[in-house]
Amino acid sequence: MTETSISTKGSNWGYAPSPESADHFKLKDQYGLFIGGKFVPAGSGKRFATINPANEKTLAQIADAGEKDVDKAVKAARIAYEKVWRKMPGRERGKYLYRIARIIQERARELAVVESMDGGKPIRESRDVDIPLAAAHFFYHAGWADKLGYAFPGRSANPIGVAGQIIPWNFPLLMVAWKVAPALACGNTVVLKPAETTPLTALLFAEICQEAGLPDGVFNCITGAGSTGAALVNHPGLDKVAFTGSTDVGKAIQKSLAGRSTKLTLELGGKAANIIFEDAAIDQAVEGIINGIFFNQGHVCCAGSRLLVQESVEQEVVEKLKARMEHLIVGDPLDKNTDIGAINSKAQCERIRDYLKVGQDEGAELFQTKCSVPEKGYWVRPSFFTKVAQSHRIVQEEIFGPVLAIQSFRTLDEALEKANNTPYGLSGGVWTDKGAKIFKVTRGIKAGVIWANTFNKFDPSSPFGGYKESGYGREGGRHGLRPYVELS
Ligand code: NDP
């Protein structure tokens, strides 16, 4: 293994490799669908490979679910709902959620390594963010299971029924937790469709449900590509659909549910403005920019992908940002030194590279760090654009990669105008040492989550969700329970 070198002015810091081992667990060669509490092959016998995006090696073969499999899963969830789960007292449901949370903690190391191998994210992030937060969501919702009466005082909260849940590839296990924990806590049963490129931790989660003794059929997992997701959405046996992913697919789902009584929540894309005022603590703000756009390779719906910096400090911020970016280590996701891992898939890598070209063709100026990247696998060096116009596609569209668009502003009103000039409304950030300014900005930006002097902070008790083309419905907190209950 080679040493990772980072050159700084006048010095050369070397980091010895520090790889997390992957020999403390064994992945199976093949994984079936999880239906009615058992792993079963797809009816068609078809499978697809899930690969490690950092080296393009196959990790396992995964069952490819068709319409008949989807039907079986929905029926298993319906039986479990009618016969067991909806009737179970909340305090008993809560015990299962607590068990699941504790088993996630017990298997945390394995889950973190598998998450990094299947999705490409740095082990530091899967170990310190994804997996602990996934456990925290189950602990949090376990607590609500017998207290729904307090969440909706004076009303009676009843489950909705069977929920079809479709999740993306950027936070695979964490999205399982965001979706499954509130659904089960409120007495619903679930059919989950993880993303084609990252099915493994959802399948390990199915094992965890078995280990926790969760009644058969309460949680079902069907793997496959977009057509499996479409078959799930179109199944007439669902009472609720929850989707996280691209705005285009979200709109298609909304259309296919039109005229049906199936409830829907959508958590879609974003193009957040991260606003730096001249009175901000600049070094701290630069760290916030880095975290905002380079966390999880920028595969984050709430990423701070548009930097709005006050003109008087623009040059200083851009220079400091360049210097800081040159220190980012890009490479092996399992190395604990790594800051930026592999791009999740070949398709996503090509998409990001297309945007890098689009930005330059539009006349923007591209900066990329000089770091080397491995030959095999999918990689994009940390990048930003300056000299961008509000109308540029790289400012308007979600790139979902480590690519930042930098614009300047002079007044607070101009910053707000630019921040809101987007079809999205998921998140935002503000950096200033003036409390009053924080309140003005947070009131002025039309977005579901706005961070002040920090970025990308998540907590199960805090609701998350968007406005406009970023979707509707909330996940987390008391608000996140509402989409999973009927109130009477
Ligand atoms: P998608 O929206 O296609 O994927 C999200 C999930 O929906 C996946 O499980 C996917 O399956 C499934 N899916 C795909 N098509 C359908 C359908 N017609 N009906 C039901 N489910 C479907 O995102 P992509 O993976 O294609 O990524 C494209 C872009 O979307 C990214 O570049 C990014 O901009 C954005 N995105 C945003 C996310 C967010 O959290 N806001 C998350 C992911 C992507 P499968 O992946 O197996 O095909």
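Colleague: How are α2 and α4 oriented to each other, roughly parallel or roughly antiparallel?

Modeller: Happy to start there, with the reminder that this is a predicted model. The axes of helix α2 (residues 90–106) and helix α4 (residues 123–144) come within 8 Å and cross at roughly 165°. Angles over 145 degrees count as roughly antiparallel. The two helices, α2 and α4, are therefore roughly antiparallel.

Colleague: What is the handedness of that crossing, and how many charged residues does the contact of α2 with α4 have?

Modeller: α2 passes α4 in a left-handed crossing. On the α2 side the contact includes Gly94, Leu97, Tyr98 and Arg102, and on the α4 side Ile131, Phe138, His141 and Gly143 are among the partners. Sorted by class, the contact of α2 with α4 has 11 nonpolar residues, 4 polar ones and, for charged, 1.

Colleague: And α2 against α7: which word describes how α2 lies to α7?

Modeller: The axes of α2 and helix α7 (residues 200–211) come within 9 Å, crossing at roughly 125°. The crossing of this pair, α2 and α7, is right-handed. An angle of 125° lies outside the range 65 to 115 for roughly perpendicular and is not over 145. That makes the placing of α2 to α7 oblique.

Colleague: Which residues of α7 meet α2, and how many charged residues are in that contact?

Modeller: From α2 come Ile100, Ile103, Ile104 and Glu106, and they meet Phe205, Ile208, Cys209 and Glu211 in α7. The contact of α2 with α7 divides into 6 nonpolar and no polar residues, with the charged ones numbering 2.

Colleague: What about α6 and α7: at what angle do they pack?

Modeller: The crossing of α6 over α7 is right-handed. Pro172, Leu173, Val176 and Val180 in α6 meet Thr201, Ala202 and Phe205 in α7, and by class this contact has 6 nonpolar, 1 polar and no charged residues. The axes of α6 and α7 are 8 Å apart, and the packing angle is about 50°.

Colleague: Which helix gives the most residues to the largest nonpolar core?

Modeller: Nonpolar side chains tend to be buried together in soluble globular proteins. Here the largest nonpolar core has 112 residues, and Phe138, Phe205, Phe219 and Leu321 touch the most other members. The top contributor, with 11 residues, is helix α6 (residues 172–185).

Colleague: How many residues are in the other core?

Modeller: Good one to ask! Apart from the largest core lies another, with Ala76, Ile166, Val191 and Ile253 among its members. Its residue count is 26.

Colleague: Is alanine 65 buried or exposed?

Modeller: Alanine 65 lies in the loop between β7 (57–63) and α1 (67–85). Leaving aside neighbours within four places in sequence, alanine 65 contacts Leu33, Ala42, Ile222, Thr223, Gly224 and Thr228. Its relative accessibility is 6%, and the cut-off is under 20%, so alanine 65 counts as buried.

Colleague: Is arginine 78 buried or partly exposed?

Modeller: Arginine 78 is found in helix α1. Beyond neighbours within four places in sequence, arginine 78 is in contact with Val162, Thr189, Gly237 and Asp239. With a relative accessible area of 25%, arginine 78 is partly exposed.

Colleague: What separates the C-alpha atoms of arginine 78 and valine 190?

Modeller: Arginine 78 and valine 190 are 112 residues apart along the chain. In space, their C-alpha atoms are separated by 8.9 Å.

Technical notes. Residues numbered from 1 in each chain as written. Predicted model: local features only at pLDDT ≥ 70, side-chain atom pairs only at ≥ 80, totals over all residues. Heavy atoms only, no water. Axes fitted to C-alpha atoms, helices over the stretch in contact; angles between N-to-C directions. Helix = DSSP H or I, 4+ residues; strand = E, 2+ residues; numbered from the N terminus. Parallel < 35°, antiparallel > 145°, perpendicular 65-115°, else oblique. Left-handed = near helix turned anticlockwise from the far one by under 90°. Contact = heavy atoms within 4.5 Å. Nonpolar A, V, L, I, M, F, W, Y, C, P; charged D, E, K, R; others polar. Core = buried A, V, L, I, M, F, W, Y, C linked by side-chain atoms within 4.5 Å. Buried < 20%, exposed > 50% of the residue type's maximum accessible area, 1.4 Å probe, protein only.
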